Amino acid sequence: MKKYYFITYRATNRQGSVSVWNQVINESPMKFIKKVQLAEENGGKAYFNFVVLNTCEISEEEYNEFVGEF
């Protein structure tokens with residue numbers, strides 16, 4: 001059975017400001033944040049120090065309703 005999550009995470013940009021994001025995902029929160037971090041390291045390198053602030057499991061219906069909303 002597939003699991004779905006709501007995740008809140010943050011990162012610091014090169015100017016020192018902290019940004020926070022919310023997202024619904026359909027993979028392990030740790031795999032997701034690692035993928036985001038690696039993409040940033042291999043891309044624009046605008047953000048660093050990624051931190052997962054919160055995760056919670058959600059239903060498939062909630063995932064389908066909110067995917068792309070945040």
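Leu 53 lies in strand 3 of this predicted model. Its relative accessible area is 44%, which places Leu 53 in the partly exposed class. Because a residue must have over 30% relative accessible area to be counted in a patch, Leu 53 at 44% passes that threshold. Together with Val 18, Val 20 and Val 51, Leu 53 makes a nonpolar surface patch of about 310 Å². The patch draws on two strands: strand 2, spanning 18-25, and strand 3, spanning 47-58, each supply at least two of its residues.

Strand 1, which covers residues 4-13, contains Thr 8. With a relative accessibility of 13%, Thr 8 counts as buried, since the limit for that class is under 20%. Once neighbours within four places in sequence are set aside, the contacts of Thr 8 include Val 20, Val 51 and Leu 53, three residues that also belong to the nonpolar patch. Trp 21, Asn 22, Val 52 and Asn 54 are likewise in contact with Thr 8. A further relation links Thr 8 to Thr 55: the two are 47 residues apart in sequence, yet their C-alpha atoms are separated by 6.4 Å in space.

The charged side chains offer another point of reference. The structure holds 1 salt bridge, and Lys 35 forms a salt bridge with Glu 27, with 2.9 Å between the closest N and O atoms. This distance satisfies the criterion of within 4 Å. Glu 27 has a relative accessible area of 22% and is therefore partly exposed, because the buried class ends under 20%.

Definitions and conventions. Residues numbered from 1 in each chain as written. Predicted model: local features only at pLDDT ≥ 70, side-chain atom pairs only at ≥ 80, totals over all residues. Heavy atoms only, no water. Patch = residues over 30% accessible without salt bridge, like charges linked within 9 Å, V, L, I, M, F, W, Y side chains within 5 Å. Areas by Shrake-Rupley, 256 points an atom, 1.4 Å probe, with all protein chains shown as cover. Helix = DSSP H or I, 4+ residues; strand = E, 2+ residues; numbered from the N terminus. Buried < 20%, exposed > 50% of the residue type's maximum accessible area, 1.4 Å probe, protein only. Contact = heavy atoms within 4.5 Å.
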